[in-house]
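Let's take a walk through a protein model, from its charged pairs to its nonpolar inside. Have the structure open while you read.

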Amino acid sequence: MIEAKRILVTGAAGKVGQTFIRRFLSDPAFEGWKVRALCHNRMLERTARVEVLRGTIEDRAVVNEATEGVSHVLHLATSKETPESIMDVAVKGMFWLLEACRVSPTFEQFILVGGDAGMGHFFYPHPVPVTETQRHSAYPGCYALSKVLEEVMLEQYYIQYELNGCCLRAPWIMEKDDFKAQLSFGDDVFGGPRWRDLVGAEASEGYVRSDAVPVMLDRRGEPVKRNFVHVEDLVTAILKAIHHEKARQQTFNICMDEPVDYGELARYLEATRGLPSVRVKTPFHSTWLDNSKAKFLLGWRPQYDLARLTDAAFDYVRAPDDPRVTWYPG
């Protein structure tokens, strides 16, 4: 009998990992494949097609066990703004993964989900659209630096060993009510900026009571354009990249066709939900990630625009057993 192909998913219990596994197992193109889920803190359920391994990629023995008999690797594990562990995970861990892949007789493809943090996100001015040829420019902090190092390491393995890999570079990944939560003036805000810190606690309390949303302004007082991607669109890109001959040793920006304009967002929420807005001055800059390369080479198209992303988040109702939990700082 022919052994079933296996794809290793690191960081498998995260939002991207769980969505990918669900979509992968239901896709006829991968019928007969198995998933090996490498989990660290949160665990997944074992099934006939899902093997679950607990451990950290910092440990070479764990990585060697996880990659045994694997044909594809989807690398999602990360550490965010955690200086104590981020280099062990992002650099040493990825090194162990790449080393195991390059000597494995069953290995075929390595897929890294990178981040626009490595391109500076909205911390630096970008006078033209950000393409895959722009030089790396990490913003302050260890997470952005780790995203640069991951991409550079993968690129060097292309040169050193002709490794078959690709990088899908994503901006902030949204699911469920994430997009709504990033607009909160309360302590429950998801990610940054923390609007409460910018306008003060007293003003924030009033904005929370009125359901007001922030309009992020740049240094000139213009609404910021900020890049996002919905997790379903990112997973579609991952599925398309598997085995795709034009994905070999390529980097792709995987994002919405247009960044979210906070001014347009405020007008949409006022028109559709009657929500007021508050203009908030910030030191940040507009950026526009260009996704043309992924559309041209992979045949991928994002399905979420500003309206769909907003409606999906504001209409989402969390189940009692699905509380909002922030699993990492930063």
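## Charged pairs and nonpolar cores

Let's begin with Asp-261, which counts as buried because its relative accessible area is 9%, under the 20% cut-off. One thing to keep in mind as you look around: this is a predicted model.

Asp-261 has a partner. Its side chain meets that of Lys-225 in a salt bridge, at 3.3 Å from N to O. Asp-261 sits in strand β12 (residues 260-261) and Lys-225 in strand β9 (residues 225-226), so the pair ties together parts that are 36 residues apart in sequence. Lys-225 itself is partly exposed, at 28% relative accessibility.

How many salt bridges does the structure hold? The count is 25. Here are three of them, with the N to O distance for each pair.

| Acidic residue | Basic residue | Closest N to O distance |
|---|---|---|
| Asp-261 | Lys-225 | 3.3 Å |
| Glu-51 | Arg-6 | 2.8 Å |
| Glu-205 | Arg-196 | 2.3 Å |

Take the pair of Glu-51 and Arg-6. Glu-51 is in strand β3 and Arg-6 in strand β1, so this salt bridge ties together parts that are 45 residues apart in sequence. Glu-51 is partly exposed at 22%, while Arg-6 is buried at 10%. In the pair of Glu-205 and Arg-196, Glu-205 is partly exposed, with a relative accessible area of 34%, and Arg-196 is buried at 14%. There is also a network of salt bridges that links Lys-15, Lys-176, Asp-177, Asp-178, Arg-318, Asp-322 and Arg-324.

Now for the nonpolar side of things. In soluble globular proteins, nonpolar side chains tend to be buried together. Here, the largest nonpolar core has 39 residues, and the members that touch the most others are Phe-20, Phe-24, Leu-74, Leu-168, Leu-234 and Ile-254. Elements giving two or more residues to this core include β1 (6-10), α1 (15-26), β6 (165-170) and α8 (231-241). Helix α8 gives the largest share, seven residues. Apart from this core lies another one of 31 residues, among them Phe-185, Leu-265, Leu-306 and Ala-313.

Try clicking on Leu-168. Leaving aside neighbours within four places in sequence, the contacts of Leu-168 include Ile-111, Val-113, Ala-237, Phe-252, Ile-254 and Leu-298.

Some nonpolar residues show up on the surface too. Met-87, Leu-145 and Leu-149 make a nonpolar patch of about 210 Å². Leu-145 belongs to helix α4 (residues 142-161) and is partly exposed, at 38%. Met-87 is also touched by Lys-92, which touches Glu-58 as well. Lys-92 and Glu-58 are 34 residues apart in sequence, yet their C-alpha atoms are 6.2 Å apart in space.

Finally, a few backbone oddities. Most residues other than glycine have a negative phi, and most peptide bonds are trans. Which bond is cis here? The one joining Gly-192 and Pro-193, with omega at about 5°. Pro-193 is in the loop between α5 (178-181) and α6 (195-199). Asp-211 has a positive phi, near 60°, and lies in the loop between α7 (201-209) and β8 (213-217). His-243 has a positive phi too, near 70°, and sits in the loop between α8 and β11 (250-253).

Conventions: Residues numbered from 1 in each chain as written. Predicted model: local features only at pLDDT ≥ 70, side-chain atom pairs only at ≥ 80, totals over all residues. Heavy atoms only, no water. Patch = residues over 30% accessible without salt bridge, like charges linked within 9 Å, V, L, I, M, F, W, Y side chains within 5 Å. Areas by Shrake-Rupley, 256 points an atom, 1.4 Å probe, with all protein chains shown as cover. Salt bridge = Lys/Arg side-chain N within 4 Å of Asp/Glu carboxyl O. Helix = DSSP H or I, 4+ residues; strand = E, 2+ residues; numbered from the N terminus. Buried < 20%, exposed > 50% of the residue type's maximum accessible area, 1.4 Å probe, protein only. Core = buried A, V, L, I, M, F, W, Y, C linked by side-chain atoms within 4.5 Å. Contact = heavy atoms within 4.5 Å.
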